[in-house]
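Here are some comments on the model you sent, set out as numbered points. Please keep the structure open beside you while you read them.

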Amino acid sequence: MKKALVINPNGTMFTTEFPDKNTGDEIRRLVGNWFDCVREDDFVGYVDDEGLLNGSDLNLVASIVFGRYLAGVVVVFGCLNENGIYDGRNYDITPDALLRFAWCAEAKKTHEREIALLSEI
């Protein structure tokens, strides 16, 4: 089993475990379509390959961390093996990666609260 982070467009997140076999089927079920891969140094994300075209909501948290516009649900795994090398396989998401996404989610909530307060003025 591999532990992954699932990030919804509204910024909510949860971790889940994926079976070692048929991981692609589970990712497709969560993102709702065929998926593309986006990669950072130590983690990889799977996202609806037509999300930006079909009007899916922007996933701001994932977009900030990955540095590109991503829409819809994003599923994130670690991507480095025990030797710290990228070999194209999925691994458990690391605590450091979880912290990066959690920080962005909190920043998004803070920004939304500030916008709401400003709109009341």
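1. Is Cys37 buried, partly exposed or exposed? This is a predicted model, and in it Cys37 counts as partly exposed because its relative accessibility is 45%. Cys104, by contrast, has a relative accessible area of 6% and is therefore buried.

2. A disulfide is a covalent bond between the sulfur atoms of two cysteines. When the whole structure is searched, 0 disulfides are found, and the distances help to explain this result. The cysteine sulfur closest to that of Cys37 belongs to Cys79 and lies 8.2 Å away, which is too far for a bond. For Cys104 the closest cysteine sulfur is also in Cys79, but at 17 Å, so that pair is too far for a bond as well.

3. Cys104 is one of the buried residues of helix 3, and the others are Ala97, Phe101, Ala105 and Lys108. An α-helix has 3.6 residues a turn, so residues three or four places apart point the same way. The cover over the buried residues of helix 3 includes strand 1 (2-7), strand 2 (13-18), strand 4 (43-48), helix 2 and strand 5.

4. Helix 3 runs over residues 95-119, which makes 25 residues, and from its first C-alpha to its last it reaches 36 Å, close to the expected 36 Å.

5. On the surface, Leu52, Leu58, Leu60, Ile64 and Tyr69 make a nonpolar patch of about 520 Å². Of these residues, Tyr69 sits in the loop between helix 2 (60-66) and strand 5 (74-80), and Tyr69 counts as exposed because its relative accessibility is 63%.

Notes:
Residues numbered from 1 in each chain as written. Predicted model: local features only at pLDDT ≥ 70, side-chain atom pairs only at ≥ 80, totals over all residues. Heavy atoms only, no water. Patch = residues over 30% accessible without salt bridge, like charges linked within 9 Å, V, L, I, M, F, W, Y side chains within 5 Å. Areas by Shrake-Rupley, 256 points an atom, 1.4 Å probe, with all protein chains shown as cover. Salt bridge = Lys/Arg side-chain N within 4 Å of Asp/Glu carboxyl O. Helix = DSSP H or I, 4+ residues; strand = E, 2+ residues; numbered from the N terminus. Buried < 20%, exposed > 50% of the residue type's maximum accessible area, 1.4 Å probe, protein only. Disulfide = S-S within 2.5 Å. Expected span 1.5 Å × (residues − 1). Contact = heavy atoms within 4.5 Å.
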